[in-house]
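Subject: Structure for you to look at

Hello,

Here is the structure I promised to pass on. Please keep it open while you read the notes that follow.

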Amino acid sequence: MAKARHLVNNWLQILDEKFSLDDSGRCFLQQDNQTGIVLYAPEQGDEVFIYSDLMRVPDDIPAGFYEQILTLNSHTARTGGASITFEPSSNQLLAIFCQPIQALDGQTFQNI
């Protein structure tokens, strides 16, 4: 498992030498108050996760809002394989992408 995390860390360094996994296995690819893109490679696992804030859920939710969002989960071609979920603590919609590290190489990782 440490080998997989090391591999992900090497791929991050190729993207930009300032990127690296922290002690918890996370790398914040974009650090600002508007958008968060986080890559996570757990120590006990063989998958890499990428999650990103999509939007804050509006206070006045339009009719059919959640139905439209959930429908995207059945059209993975439109989401690039990511799933859309709701994070109640931040009131945000998130895109979450998960891929087995063994299914990746450096180029595929960069493309993602």
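Read along the sequence, the secondary structure runs α-β-β-β-α-α-β-β-α. That comes to four helices and five strands. Please bear in mind that this is a predicted model. The chain has 112 residues, of which 29% count as buried. Taken along the principal axes, the C-alpha atoms fill a box of roughly 45 × 30 × 25 Å.

The pocket

Which residues line the second largest pocket? They are Leu15, Leu29, Ile37, Leu39, Ile50, Phe97, Phe109, Gln110 and Ile112. Two elements give two or more residues to this lining, namely strand 2 (36-40) and helix 4 (106-111). By type, the lining residues divide into eight nonpolar, one polar and no charged. The volume of the second largest pocket is about 150 Å³. As background, rolling a probe the size of a water molecule over the atoms shows where empty space is left.

One of the lining residues is Ile50, which is found in strand 3. Is Ile50 buried or exposed? Its relative accessible area is 19%, and buried means under 20%, so Ile50 counts as buried. Leu39, also in the lining, is 11 residues from Ile50 along the chain, and their C-alpha atoms are separated by 4.5 Å.

The surface patch

Ile61, Tyr66, Leu70 and Phe86 form a nonpolar patch on the surface. Together they have about 350 Å² of accessible area. Within this patch, Leu70 belongs to helix 2, which covers residues 65-72. Why does Leu70 count as exposed? Exposed means over 50% relative accessible area, and Leu70 counts as exposed because its value is 56%.

Phe86, another member of the patch, can be set against Gly64. These two are 22 residues apart along the chain, and 15 Å separates their C-alpha atoms. Gly64 sits in the loop between strand 3 (47-56) and helix 2. With a relative accessible area of 30%, Gly64 is partly exposed.

Asn91 and its loop

Where is Asn91? Asn91 lies in the loop between strand 4 (83-87) and strand 5 (92-100). Its phi is positive, about 60°, although Asn91 is not a glycine. In general, most residues other than glycine have a negative phi. Asn91 is therefore a residue to look at when you go through the backbone angles, with its positive phi of about 60°.

Two further residues

Ile14 is placed in helix 1, residues 2-15. Its relative accessible area is 56%, so Ile14 is exposed. In sequence, Ile14 and Gly106 are 92 residues apart, while in space they are 8.4 Å apart, C-alpha to C-alpha.

Ala103 has its place in the loop between strand 5 and helix 4. At 47% relative accessibility, Ala103 counts as partly exposed. How far apart are the C-alpha atoms of Ala103 and Ser52? They are separated by 21 Å, and the two residues are 51 apart along the chain.

Those are the notes.

Regards

Key. Residues are numbered from 1 along each chain as its sequence is written. This is a predicted model: local features need pLDDT of at least 70, side-chain atom pairs count only at pLDDT 80 or more; totals for chains, interfaces and linings use all residues. Side-chain values use heavy atoms; hydrogens and water are left out. Patches are made of residues with over 30% relative accessible area and no salt bridge: like charges are joined within 9 Å, nonpolar side chains (Val, Leu, Ile, Met, Phe, Trp, Tyr) within 5 Å. Accessible areas come from the Shrake-Rupley method with a 1.4 Å probe; for residues, only the protein chains shown count as cover. A salt bridge is a side-chain nitrogen of Lys or Arg within 4 Å of a carboxyl oxygen of Asp or Glu. Buried means under 20% relative accessible area, exposed over 50%, partly exposed in between (1.4 Å probe, protein chains only). On a 1 Å grid over the protein atoms alone, a cavity is a set of points where a 1.4 Å probe fits but cannot get out, and a pocket is an open set with protein on both sides within 12 Å along at least five of seven lines; lining residues have an atom within 4 Å of a point. Grid points are joined across faces, edges and corners, and a volume is the space filled by probe spheres set on the points. Ala, Val, Leu, Ile, Met, Phe, Trp, Tyr, Cys and Pro count as nonpolar, Asp, Glu, Lys and Arg as charged, and the others, Gly among them, as polar.
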